[in-house]
Amino acid sequence: MTALIEARGLTKRFVKRPDFAGRIAGRLGADIREETVHAVDGVDLSIAKGEVVGLVGESGCGKSTLGRMIAGLMEPTEGEVLFKGRGRARLSGAEARAARLAVQMIFQDPYASLNPRARVETIVGEAPRVHGLVPRAKLASYSDDLLARVGLSPDVKRRYPHQFSGGQRSRIGIARALAVQPEVLVCDEAIAALDVSIQAQILNLFIELRASLNLTYLFISHDLGVVEHISDRVVIMYLGRVVEMAPTTQLFAGPNHPYAQALLAEVPRLDARKRTFEPIKGEIPSPLDPPPGCHFHPRCPHVMPRCRAEAPRLKTIAPGRLSACHLNDA
Amino acid sequence: MTRPAVATTAVASPKAPARTLEAEDLRTHFFTRRGIVKAVDGVSLQVASGEMLGLVGESGCGKTITGFSIIGLVDPPGRVVSGAVRFKGEDLVGASAERMRALRGDRIAMIFQDPMMTLNPVLRVDTQMVEAVQAHRAVGRGAALELAREALVQVGMPAPERRLKAYPHELSGGMRQRIAIAIAFLNKPDLIVADEPTTALDVTIQAQILHEVQGLCRKTGTAMIWITHDLAVVAALADRIAVMYAGRIVETGRTEDVIERPLHPYTRGLIGSVPSRNRRGAPLTQIPGLPPSLVDPPIGCAFRPRCGRASALCREEPEERAVGGGRRLRCFHPLLEAAP
């Protein structure tokens, strides 16, 4: 099975160079160095056509950065993204453009991601017009169809974003992404800002669009309930690295990595009533100064001396299932 | 300290009064140029000592303003227009600003969603915590500092001495919220109103904080109103749940009753909207439409336009009625009558 889109050794480092005052202080002997954040650290991930992959992790784990690199909005420091088996960076001309259009992104904030001064028809119709996907004469009916597809009446196309509610704006953002006929949607916390009843509406829309347009999703969320509901496979990240990757039902039936176990145990659920919380200890370490070895070892209940020295590799522990933990070697 | 100290330890009777807080037909309206926004429109609720009430609703349903009305933080153009808030028998709606100031931070505390609403960014944590103690009690700085340190230990703060010397910006979001919670518990209040205190936090940090708050309430007998949009959080935490919609409480009851056998169609819609294990991949039972505008809410039952069970009768406003098992409901067409 060839992957539709694949990340190979994808790494992103953000380097903060000292400012002018810092450089002078450094010359004078102060201990000021460049600060490097390993936002994403050598992630391999392949997504098959029609698959929904959920990407989960807490804030600062690098899930958004990974999503942005896969969507082509950010260049990786190392590694590459392959689209249909070919390195996207090496494509050129029409092929490169087609590969870029094939991956679209849905953003978290339905307020900040729409141009407040553009009418809905412009927001939705601009990309297909610029890329010449639709003849000018058919553009109006094309955007009408898109709006209808995401559950908005075409009557609203002359309106501006501020005239819509949060859920409706999400729909506009989805229509805009669909306008260039993508194959992959990278949804970065796409429903996190919405109310529960509206979340359900948008989630249902994603499920319906997947079936009708044969879409592939990378669904980034901190909400495990949502990810469990929509994904075929789940990837869990911690401080820039993937710690576990497994089919959804297997993962939720029995997570392997201690962090995955902790994360799953601590999600409040409707069916887990009046429980006493038994939280894992400690805070998420700063990605500026991650712990050596396994990043999770300061919080891990099963920590061994080896965990402090050696970073565990992501290994196959069952078909289609990978985990990065030294416990699996024992 | 010129103001007489509020009696704290002297009246700690072993048998706490049945109700720490009772709100009755509370109405808070905002008088804006676009019209009167009825943010809270006839809310009645009770919380007993040591009890945790989960107040659940979507954004704009009036849950935060209910909390603000209880502790007297409603700013103009908003005003509590009618109703009563009785705190241990004392009516707070008519209370003087001075009396409210004496109660707030001492007998009644609030935890906000953003801990920076509580914390002053330019003061060290110890300064702020000592101030919170000394505002209500005639104690020396050393004793106040010791209380602050104890409070930090209680909320599970690692290395409390070091945190006391820190400024808020030096701490992570989870730690700031812990400090805000420690400040709320500092004077061992009788009631805490918590407004989405864990919404902005990560799952593992949220679990830690829920764990600590739960333990503290049980231990100190503090009554708590936990305001949230997340049913799953209160399902795990609260003794009772009140569901709010368009400025009114539409359903109240014991947590397990409300979650397992919701009576109001809106409650069922909310529960159906939460993805759960047994329906993976299947469409969620969504509630159609949008929450109404509070400037111009629908006539009669505000949920009528989104409700599958609505009839002509629903153009009348349903009264809140008791339906047995300690449950209260505002609906003409409940899903099933509660068992006696």
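Which residue is the bridge partner of E6(A) in β4(A)? In this predicted model, the partner of E6(A) is L82(A). The sections below begin with the sheet to which this pair belongs and then turn to helix packing, a covered helix and the contact between the chains.

## The sheet of chain A

The pair E6(A) and L82(A) links β1(A) with β4(A). Strand β1 (residues 5-16) and strand β4 (residues 78-83) of chain A run antiparallel and are joined by five bridges. Both belong to an open sheet of four strands, ordered β2-β1-β4-β5 in chain A, with antiparallel pairing. The edges are formed by β2 (35-47) and β5 (86-87) of chain A, each of which pairs on one side only.

Helix α2 of chain A, covering residues 63-71, packs on this sheet. Its contacts are with β1, β2 and β4 of chain A, and the helix direction makes about 120 degrees with that of β1(A).

## Packing of α4 and α6 in chain A

Two packed helices are described by the angle between their axes and the distance between the axes. For helix α4 (residues 120-130) and helix α6 (residues 166-178) of chain A, the angle is about 25 degrees and the axes are 7 Å apart. Angles under 35 degrees count as roughly parallel, and α4(A) and α6(A) are therefore roughly parallel to each other. Their crossing is right-handed.

On the α4(A) side, the contact is made by V120(A), I123(A), V124(A) and A127(A); α6(A) supplies I172(A), A175(A) and R176(A). By class, six of the residues in this contact are nonpolar, none is polar and one is charged.

## A covered helix in chain B

Helix α1 of chain B spans residues 63-71 and is mostly covered, with nine of its nine residues buried. The buried residues are K63(B), T64(B), I65(B), T66(B), G67(B), F68(B), S69(B), I70(B) and I71(B). Just after α1(B), G72(B) adopts a positive phi of about 70 degrees.

## The contact between chains A and B

The contact involves 36 residues from chain A and 38 residues from chain B. On the side of chain B that touches chain A, the elements giving two or more residues are α7 (203-220), α8 (231-237), α9 (255-260) and α10 (265-273) of chain B. Of these, α7(B) gives the most, with eight residues.

What is the division by class on this side of chain B? The residues of chain B that touch chain A comprise 18 nonpolar, 14 polar and six charged.

Key: Residues are numbered from 1 along each chain as its sequence is written. Chains are lettered from A and ligands numbered from 1 in the order in which they are written. This is a predicted model: local features need pLDDT of at least 70, side-chain atom pairs count only at pLDDT 80 or more; totals for chains, interfaces and linings use all residues. Two residues are in contact if their C-beta atoms, placed from the backbone, lie within 7 Å. Ala, Val, Leu, Ile, Met, Phe, Trp, Tyr, Cys and Pro count as nonpolar, Asp, Glu, Lys and Arg as charged, and the others, Gly among them, as polar. A residue is buried if 20 or more other C-beta atoms lie within 10 Å of its own, exposed if 12 or fewer, and partly exposed in between; C-beta atoms are placed from the backbone. Two strands pair if DSSP finds at least two bridges between them. Axes are lines fitted to C-alpha atoms, for helices over the stretch in contact, and angles run from 0 to 180 degrees between N-to-C directions. Angles under 35 degrees count as roughly parallel, over 145 as roughly antiparallel, 65 to 115 as roughly perpendicular and the rest as oblique. A crossing is left-handed if the near helix is turned anticlockwise from the far one by less than a right angle, and right-handed if clockwise.
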